[in-house]
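Student: I'd like to learn how to read a model like this one. Can we go through it together?

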Amino acid sequence: MSETCYVIPALSQPSLAVQGDSRRFPVRRIWCVGRNYLEHVREMGNDERQPPFFFAKHADMVAADGATIPYPPLTNDLHHEVELIVALRSGGLGIAPDQALDHVFGYGVGIDLTRRDLQMASRKKEQPWEIGKSFDQSAPCSALRPAAEIGHPSRGAIWLKVNGTERQRGDLDQLIWSVPEVIARLSQQVALSAGDLIMTGTPAGVAALAVGDSIECGVDGVAKLQVRIGPRS
């Protein structure tokens, strides 16, 4: 069979490292859960009675551990949001909660970088959040840890420091919707598949970043991540 030819050069496959393995995890899509820690819901002034919802980032917006991420354009209010990442090895539509973990390859930690001023302006206009959430390198992610190695964490500290000062701290047991519930609920909206990442929400303490800031974050027993905010491109 001949190779497929394209009218422009074929695009590279976004991927993440897997700890202890020379093979990499191909990223298909990135799904993010909104409002999944109660204290974060409260700090953003949202209705805590509403269930979380989903939005997306593009696969090529991942950034690796150790990256220097340019301060993005159009904003003066870039925020950090540390999150547990779930990486899927399979998927489907209408996954039952009691079968959801069967589809998980592993876990990591990431940051949902957010142009907060643009997000809030969009919200006031009842427009999509994409301009505030989806931009180059807006999804820094650690190397993944296979569930076969670490199991399926349902508790453990999740935290973020900027220049050595802690800003965010919570625990996975504070998730309003658990990982199986998130997978099941998202699979009602879209067919999930191998290569999908799910960012599961952030605890309270989100705040602005500046050029030169060094960020360290982690989920205890899962992974750590370090990135730096560089000058505007």
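Tutor: Let's start with a definition: the radius of gyration is taken over C-alpha atoms, and the globule rule is 2.2 Å times the number of residues to the power 0.38. For the 233 residues here, a compact globule would have a radius of gyration near 17 Å, and the protein has 17 Å, which agrees. Along the principal axes, the C-alpha atoms fill a box of roughly 50 × 45 × 40 Å.

Tutor: Some ground rules, too. This is a predicted model, where local features need pLDDT of at least 70 and side-chain atom pairs count only at pLDDT 80 or more, while totals for chains, interfaces and linings use all residues. Residues are numbered from 1 along each chain as its sequence is written, and side-chain values use heavy atoms, with hydrogens and water left out.

Student: How many helices and strands does the protein have?

Tutor: Both are DSSP runs numbered from the N terminus: helices are H or I with at least four residues, strands are E with at least two. The protein comes to five helices and 17 strands. Contact means heavy atoms within 4.5 Å; of the contacts with a separation of 6 or more, 75% are between residues 24 or more positions apart.

Student: What share of the residues is buried?

Tutor: Buried means under 20% relative accessible area, exposed over 50%, and partly exposed in between (1.4 Å probe, protein chains only). Buried residues make up 49% of the 233.

Student: And which residues have the most contacts inside the largest nonpolar core?

Tutor: In soluble globular proteins, nonpolar side chains tend to be buried together. A nonpolar core is a set of buried Ala, Val, Leu, Ile, Met, Phe, Trp, Tyr and Cys residues joined through side-chain atoms within 4.5 Å. The largest has 43 residues, and those with the most contacts inside it are Val86, Tyr107, Ile111, Ile183, Leu192 and Ile198. Elements giving two or more residues to this core include strand 8 (82-88), strand 9 (104-111) and helix 5 (179-189). A second, separate core of 17 residues includes Ile85, Trp129, Leu144 and Met199.

Student: How many salt bridges are there in the whole structure?

Tutor: Side chains of opposite charge can pair when their charged atoms come close. The cut-off is a side-chain nitrogen of Lys or Arg within 4 Å of a carboxyl oxygen of Asp or Glu. A search of the whole structure finds nine. In one, aspartate 112 meets lysine 57 at 2.8 Å, N to O. Aspartate 112 sits in the loop between strand 9 and strand 10 (114-115) and lysine 57 in strand 4 (residues 53-57), so the pair ties together parts 55 residues apart in sequence. Both residues are buried. Glutamate 81 and lysine 133 pair at 3.4 Å, N to O, and Lys57, Glu81, Asp112, Arg116 and Lys133 are linked in a network of salt bridges.

Student: Which side chain of opposite charge is nearest to aspartate 213?

Tutor: For charge, Lys and Arg count as positive and Asp and Glu as negative; His and the chain ends are not counted. The nearest is arginine 167, 4.7 Å away, and aspartate 213 is buried yet has no salt bridge. Aspartate 213 lies in the loop between strand 15 (196-199) and strand 16 (214-219). Its side chain reaches the backbone nitrogen of alanine 210 at 2.7 Å.

Methods:
A polar contact is a pair of N or O atoms within 3.5 Å; within protein, one must be able to donate a hydrogen and the other to accept it, and residues adjacent in sequence count only if both atoms are side-chain atoms.
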